[in-house]
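Here are some notes for someone meeting this structure for the first time. Please read them with the model open.

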Amino acid sequence: ANVEAYALYAITNLIRGDLALSATYVEKGLKEADEILSREWGLYFRFLLARINFELGRYETAAKILENALAFDSLYHIGKARHVLYAWLARCFVYMRNPGTGITILEPLEDNHLKKLFMAEAYYFAVQYEKAYSLLEAFDFYSDLYDFIPGIRPFWKDGFFNIEGRCNDLS
């Protein structure tokens, strides 16, 4: 149960903007996940660490963490996280001023709201405004409704809902 508490503390502090404290809980959670041999929680804490680095503008570091997380996922076949990890890796490349690589990573992914949102962002950074606009114009954010119990296990829908989405879930 400590691993879930560490995740919730990390998410709470990430939302509050206390990224240093969030990272502290991520490190504790990662250690706990390794001790109890929970690979999925270990992968989730790696993702949270990447998100923290992304929020800090450390896109290269976030990309390296995500690449390692993808290798971890390939080794242990967790699977559900792959599309989220790849999408956020693509977003890192976009913010590292390489939107072409971001688009290349995003193109083969499952067509969902996360892919559409990050593709629109990538096209915007690639100065392909018409493509970005057409994706956003057709975007239906509420088409994917979420149904999960927070804190029981990581929710690999898009990398936003399990973090920022908790605010809406609680209101």
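**Notes on the fold, one helix and one patch**

1. The protein has 9 helices and 0 strands. Along the sequence the order is therefore α-α-α-α-α-α-α-α-α. Please keep in mind that this is a predicted model.

2. Some overall values help with orientation. Of the 171 residues, 47% count as buried. Among contacts between residues at least 6 apart in sequence, 55% join residues at least 24 apart. The protein exposes about 9200 Å², and carbon and sulfur atoms supply 53% of that area.

3. Helix α5 covers residues 82-95, and its end C-alpha atoms lie 20 Å apart. For 14 residues at 1.5 Å a residue the expected span is 20 Å, so the two values agree.

4. Is α5 largely enclosed or open? Because 11 of its 14 residues are buried, α5 is largely enclosed by the rest of the structure. The buried residues include His 83, Trp 88, Arg 91, Cys 92 and Phe 93. Their cover includes α3 (39-55), α4 (59-76), α6 (99-106) and α7. Just after α5, Arg 97 has a positive phi of about 65 degrees.

5. Helix α7, part of that cover, spans residues 113-125 and contains Phe 125. Phe 125 has 38% relative accessibility. The range for partly exposed runs between 20% and 50%, so Phe 125 counts as partly exposed.

6. Which residues make the nonpolar surface patch? Phe 125 belongs to it, together with Tyr 124, Val 127 and Tyr 129. The patch has an area of about 430 Å².

Methods. Residues numbered from 1 in each chain as written. Predicted model: local features only at pLDDT ≥ 70, side-chain atom pairs only at ≥ 80, totals over all residues. Heavy atoms only, no water. Patch = residues over 30% accessible without salt bridge, like charges linked within 9 Å, V, L, I, M, F, W, Y side chains within 5 Å. Areas by Shrake-Rupley, 256 points an atom, 1.4 Å probe, with all protein chains shown as cover. Salt bridge = Lys/Arg side-chain N within 4 Å of Asp/Glu carboxyl O. Helix = DSSP H or I, 4+ residues; strand = E, 2+ residues; numbered from the N terminus. Buried < 20%, exposed > 50% of the residue type's maximum accessible area, 1.4 Å probe, protein only. Expected span 1.5 Å × (residues − 1). Contact = heavy atoms within 4.5 Å.
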